[in-house]
Amino acid sequence: MNRTENISGGDTVYYATVTSPLGELLLTADSSGALTSLSVPGQKGGRVVGEGWVRDPARFTEAERQLAAYFAGELKQFELELKPEGTEFRRRVWDALDDVPYGATTTYGEVAARIGASRAAVRAVGGAIGANPLLIVRPCHRVIGASGALTGYAGGLERKVELLTLEGCL
């Protein structure tokens, strides 16, 4: 998976919708074709189609293929160019999510340690994970509480359970 780069302002937003077991996914990309977001219906902080966005399903053919393979249990790691917009701290946290393997979980504290953040930064790490604009592709669903509890997920805890079940974690 390609690491996070910051998206430049003023770029045209291209989008497509993809049917999935989690509902209709909204994918966005910039003019380079890099995926900038993936939202599920009703997602806290998720994107909705904006004025001036350009519908271009052909731009998302590879993302759609990889998502279908993931949901079929045939793909364990996405290989897509990603360009989510966020602060440098958030991008470091999101990059760390790429290192959590399929079928495994980690904790917020472990993610904080992975990026060299202090124990006091665990809450900020949780905020960055909650703001992940690339659900599923950036596996924030694999992050759980220190006690093993399935804590928050912007797409809803029921979807987190579905994804972790698909990956064999539950």
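This tour goes through a predicted model, starting with strands and moving on to salt bridges.

Begin by selecting residues 14-20, which make up strand S1, a mostly covered element in which five of the seven residues are buried. Add residues 23-29, strand S2, and you will see that S1 and S2 pair in the antiparallel sense over seven bridges, forming a hairpin with two residues between the strands. At the turn end of your selection, look for Ser 20, which stands opposite Gly 23 in S2. Now include residues 54-55, strand S4, which pairs with S1 in the parallel sense over two bridges; here Val 54 is the bridge partner of Tyr 14.

Next, turn to the charged side chains, among which seven salt bridges are counted. In helix H1, residues 61-71, select Arg 65 and Glu 62, which are three residues apart and so separated by about one helical turn; their closest N and O atoms are 2.5 Å apart. Arg 65 is partly exposed at 47% relative accessibility, and Glu 62 is likewise partly exposed, at 36%.

Move on to helix H2, residues 88-97, where Arg 92 and Glu 88 lie four residues apart, again about one helical turn, and form a salt bridge with closest N and O atoms 3.6 Å apart.

Finally, select Arg 138 and Asp 98, a salt bridge with closest N and O atoms 2.6 Å apart, which links distant parts of the chain: Arg 138 lies in the loop between helix H4 and strand S6, and Asp 98 in the loop between H2 and strand S5, 40 residues apart. Both residues of this pair, Arg 138 and Asp 98, are buried. Adding Asp 95 to the selection completes a network in which salt bridges with shared partners join Asp 95, Asp 98 and Arg 138.

Notes
Residues are numbered from 1 along each chain as its sequence is written. This is a predicted model: local features need pLDDT of at least 70, side-chain atom pairs count only at pLDDT 80 or more; totals for chains, interfaces and linings use all residues. Side-chain values use heavy atoms; hydrogens and water are left out. Buried means under 20% relative accessible area, exposed over 50%, partly exposed in between (1.4 Å probe, protein chains only). Two strands pair if DSSP finds at least two bridges between them. A salt bridge is a side-chain nitrogen of Lys or Arg within 4 Å of a carboxyl oxygen of Asp or Glu.
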